Amino acid sequence: MLYLFGVAGYIACMIHANTPAKHPIESSHRTRPVVLLIMGSQRSGRVCPQIAQWIAQIGEACTDLAFEVVDLADWPLPVDDEPELPHRGSYRQPHTQAWSEKISAAAAVAFVSPQYNWGYPAPLKNAIDHLYGEWRGKPAAIITYGGHGGGKCAEQLRQVAAGLKMGMVATSPALTLSEDVIRHGAALDPETEFASSADSVKQAMAELVTQIASLSPA
């Protein structure tokens with residue numbers, strides 16, 4: 001089911017990306033490993049939901065994984081409200097316990113984040129910092145977007161992921177938003193706007209499949 005490795009995985013991803021998804025994104029995740037697409041933005045007027053959904057559609061089309069978009073706006077995590085340090089895993093707050101269960105149950109995560117002032121949004125850092133052991137060894141990808149693609153945001157997230165010893169894939173797609181979308185509030189059509197980056201997203205998904213498979217029992 002998950003035997004898409006290296007170049008073969010990338011080729012399979014490319015072939016199947018142009019065919020209808022085998023499973024709708026809203027379908028049951030019971031029989032497939034789940035990848036959480038964690039949205040980094042909570043800003044009003046954000047385009048993160050459209051981008052995350054587009055990534056989910058690509059992933060569903062070219063892998064046998066299930067993709068679930070996670071909106072941090074639906075996960076209120078007050079800053080520093082746990083009496084114990086996260087590395088102890090002794091969570092007292094119900095919202096932290098629920099967040100822990102959500103991340104623990106996922107086969108992998110992908111951070112979908114805009115770049116803010118050469119960094120990434122505070123809500124995403126807070127969501128990461130609420131936990132510790134749950135991230136360790138977790139296969140992960142970083143997909144950023146912005147006027148220049150969000151490369152500095154990706155660099156910072158990669159440093160944090162390294163500190164947590166996550167299984168980060170090599171490819172980090174950087175999606176460039178047009179001036180019309182950024183400055184003038186034009187409607188975003190990810191399929192058109194990011195056509196030149198679609199192959200990079202497919203490559204990241206293929207690498208994520210390989211990372212997940214490497215942790216599966218032989």
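This is a short walk through one protein chain, from its overall make-up to a few individual residues.

Good morning, everyone. Before anything else, please keep in mind that what you have in front of you is a predicted model, and that the values I mention were computed from that model.

Let me start with the chain as a whole. It has eight helices and six strands, and if you read along the sequence, these elements follow the pattern α-β-α-β-α-β-α-β-α-β-β-α-α-α. Of the 218 residues in the chain, 48% are buried, while the chain exposes about 10,700 Å², of which carbon and sulfur atoms supply 53%. If we take the contacts with a separation of 6 or more, residues 24 or more positions apart account for 81% of them.

Now to the helices, and to one pair in particular. How do helix 2 and helix 8 pack, in terms of the angle and the distance between their axes? In general, two packed helices are described by exactly these two quantities, the angle between their axes and the distance between the axes. Here helix 2, residues 48-62, and helix 8, residues 198-215, pack at an angle of about 60°, and their axes are 10 Å apart. Because of that angle, helix 2 counts as oblique to helix 8. The crossing of helix 2 and helix 8 is right-handed, and on the helix 2 side the contact is made by Trp 54, Ile 55, Ile 58, Gly 59 and Cys 62, which meet Ala 198, Val 201, Lys 202 and Met 205 of helix 8.

Staying with helix 8 for a moment, this is also the place of Thr 210, a residue that counts as partly exposed because its relative accessibility is 23%, above the 20% under which a residue would be called buried. Thr 210 and Pro 139 are 71 residues apart in sequence, and from C-alpha to C-alpha they are 9.3 Å apart in space.

Let me turn next to strand 3 and its surroundings. Ser 113 lies in this strand, which covers residues 108-114, and Ser 113 counts as buried because its relative accessibility is 0%. Leaving aside residues up to four places away in sequence, Ser 113 touches Gly 40, Tyr 120, Pro 121, Leu 124, Ile 143, Thr 144, Tyr 145, Cys 153 and Leu 157. Two of these names lead us further. Leu 124 is one of the buried residues of helix 4, residues 122-129, together with Asn 126, Ala 127 and Ile 128, and the buried residues of helix 4 pack against strand 1, helix 3, strand 3 and helix 5. Cys 153, for its part, is buried, with a relative accessible area of 0%. Cys 48 is likewise buried, with a relative accessible area of 0%. As for disulfides, a search of the whole structure finds zero.

My last stop is Trp 75, and you may ask where in the chain this residue is found. Trp 75 sits in the loop between strand 2, residues 66-71, and helix 3, residues 94-105. At 21% relative accessibility Trp 75 counts as partly exposed, because a residue has to be under 20% to be called buried. Again leaving aside residues up to four places away in sequence, Trp 75 touches Val 70, Ala 98, Trp 99 and Lys 102. With Trp 99 in particular, the separation is 24 residues in sequence and 7.6 Å in space, taken from C-alpha to C-alpha.

Thank you, and I am happy to take questions.

Methods
Residues numbered from 1 in each chain as written. Predicted model: local features only at pLDDT ≥ 70, side-chain atom pairs only at ≥ 80, totals over all residues. Heavy atoms only, no water. Helix = DSSP H or I, 4+ residues; strand = E, 2+ residues; numbered from the N terminus. Buried < 20%, exposed > 50% of the residue type's maximum accessible area, 1.4 Å probe, protein only. Contact = heavy atoms within 4.5 Å. Areas by Shrake-Rupley, 256 points an atom, 1.4 Å probe, with all protein chains shown as cover. Disulfide = S-S within 2.5 Å. Axes fitted to C-alpha atoms, helices over the stretch in contact; angles between N-to-C directions. Parallel < 35°, antiparallel > 145°, perpendicular 65-115°, else oblique. Left-handed = near helix turned anticlockwise from the far one by under 90°.
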